[in-house]
Amino acid sequence: MKIPNSDARVHVLDQNSDVWTVIRDIASRAHQEDAFYVMNIGEIINKYDQWTSKLPRVTPHYAVKCNDSLAVLETLNALGANFDCASKGEINKVLELGVEPERIIFANPAKPSSHVRFAASVGVQTMTFDSENELHKIKNLYPDAKMVIRIRCDAAEVQCQLGNKFGCDPVAEAPGLLRVARSLDLDVVGVSFHVGSGCREPPVFRRAIAAAKDVFEFAKTLGYEFSLLDIGGGYPGGRGTTIDEIAEIVNSALDAHFPDESVSVIAEPGRFFVCSAYTLVCNIHSIRNVIRTNEETGTTGTHRMYYINDGVYGSFNCILYDHQVVVPQPLEERSGAKYYESSIWGPTCDGLDQVIESAVLPDMKIGDWIVFEDMGAYTLPVASPFNGFPIPTVHIVIEENMRLIVDDMFDLTDGHFEMLRIPDNLKNENDTPYKLPTFPIQVGDSILDYVN
Ligand SMILES: *Cc1c(COP(=O)(O)O)cnc(C)c1O
């Protein structure tokens, strides 16, 4: 596993420690002020486990665009997940992990020609389309491709809409496109859809699977025997969310419309696997107190403006692009702290760079830390170092019981672990020192490098 920065090691958490312990440890280091992430690999393993038990018929193809960190990709690969790539760059990255091209779906319905040629050269055959022009392009560049028609079926309520850009109408457009594909002698193998990212309307999966079934039936009339149903992404992944309701609806719709197990069913979850695995920790470097008048009540009061070292040009781009609602949690709760109407701002000189418009927060000081959970989806890959503010580094942790699973996955031995001394001020309640062993895996090394 590539460790993304120089002082990150994989901390192993015992029963006395958790992500917050590690955060306190890192935050209390001398001169520490940079924002950082703590990433819990165990969370991804848990999610994978949930997926396979709740959706046993549906093979996940992780959507790489959601978070393309090597630690994420290698963990999911070791667990047995497949991949959804949208470009030559993503395909390349996944192939470099040693993933076979048959385990990749090129799920971008509008592909630049050079990317199609690349897919052809490396044998990534399965790809989506939703337009006639794409069919002609593929006919020219990769006539052996296995094509998947993407239909549109939008959830009524989503965090991020996709249907405005992709997906043909299953009734008005799909039949015509399939006729063109047939006339070009292209091999269409199935149907895909994406209900929208961060789906808040589970029953949409029933409608979408039923619509896909109709397209399967129509394709039969042209002599196609479809074998692939791709139910896309959209599954929530934050703390306190579950895929129980979606899973129930998907499973019953599959039983109703695709009882024949010869149709393979895949999905393209992104957010689900990574959202809760990442916790972001930011430092307050400036504070401004301003007098504000409440327009409704006419009363004046002090408003605190906190400036932190990550903002909408960095990790919090998710607020603008992914419509994410982020929740600030002060790392230390001071007893007796006064509460103030507050706002939180990113570090750049742009007025747009606001993280929280308004929240009631305890009085904090320069140097205090604010923790944001559920920051693993659509954050890091989009972040830029605009205005000279660096993208936070990532520290990786895993629970001790999970470590055994990772040992198995990556074939590690005890020799790869090391005890870490915990500073006295971080000892736990019953005053035994925390045990935080670490992998002695150094910068730029891969866990896989340790496998004989
Ligand atoms: C972004 C994307 C996904 C992942 O969506 P999530 O909502 O994160 O699960 C899956 N498939 C395609 C084609 C995408 O563009």
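Tutor: A pocket, on a 1 Å grid over the protein atoms alone, is an open set of points with protein on both sides within 12 Å along at least five of seven lines. This is a predicted model, in which local features need pLDDT of at least 70 and side-chain atom pairs count only at pLDDT 80 or more, while totals for chains, interfaces and linings use all residues. Residues are numbered from 1 along each chain as its sequence is written, and side-chain values use heavy atoms, with hydrogens and water left out.

Student: Which pocket does the ligand take up?

Tutor: The ligand takes up the space of the largest pocket, and a molecule sits in a pocket if more than half of its atoms lie within 2 Å of the pocket's grid points.

Student: What makes Lys 65 a polar contact of the ligand?

Tutor: A polar contact is a pair of N or O atoms within 3.5 Å, and an N or O atom in the side chain of Lys 65 is 2.7 Å from an oxygen atom of the ligand. Likewise, a polar side-chain atom of Glu 268 lies 2.6 Å from a nitrogen atom of the ligand, and a backbone N or O atom of Gly 234 is 2.9 Å from an oxygen atom of the ligand. The protein covers 93% of the 390 Å² of accessible area that the ligand has on its own.

Student: Why is Cys 85 called buried?

Tutor: Cys 85 is called buried because its relative accessibility is 0%, and buried means under 20% relative accessible area. Cys 282, also at 0%, therefore counts as buried.

Student: How many disulfides are there?

Tutor: The count comes to zero disulfides, a disulfide being a pair of cysteine sulfur atoms within 2.5 Å.

Definitions and conventions
Buried < 20%, exposed > 50% of the residue type's maximum accessible area, 1.4 Å probe, protein only. Polar contact = N/O pair within 3.5 Å; in protein donor to acceptor, adjacent residues only side chain to side chain. Areas by Shrake-Rupley, 256 points an atom, 1.4 Å probe, with all protein chains shown as cover. 1 Å grid on protein atoms, 1.4 Å probe; cavity = no way out; pocket = protein on both sides within 12 Å on 5 of 7 lines; lining within 4 Å.
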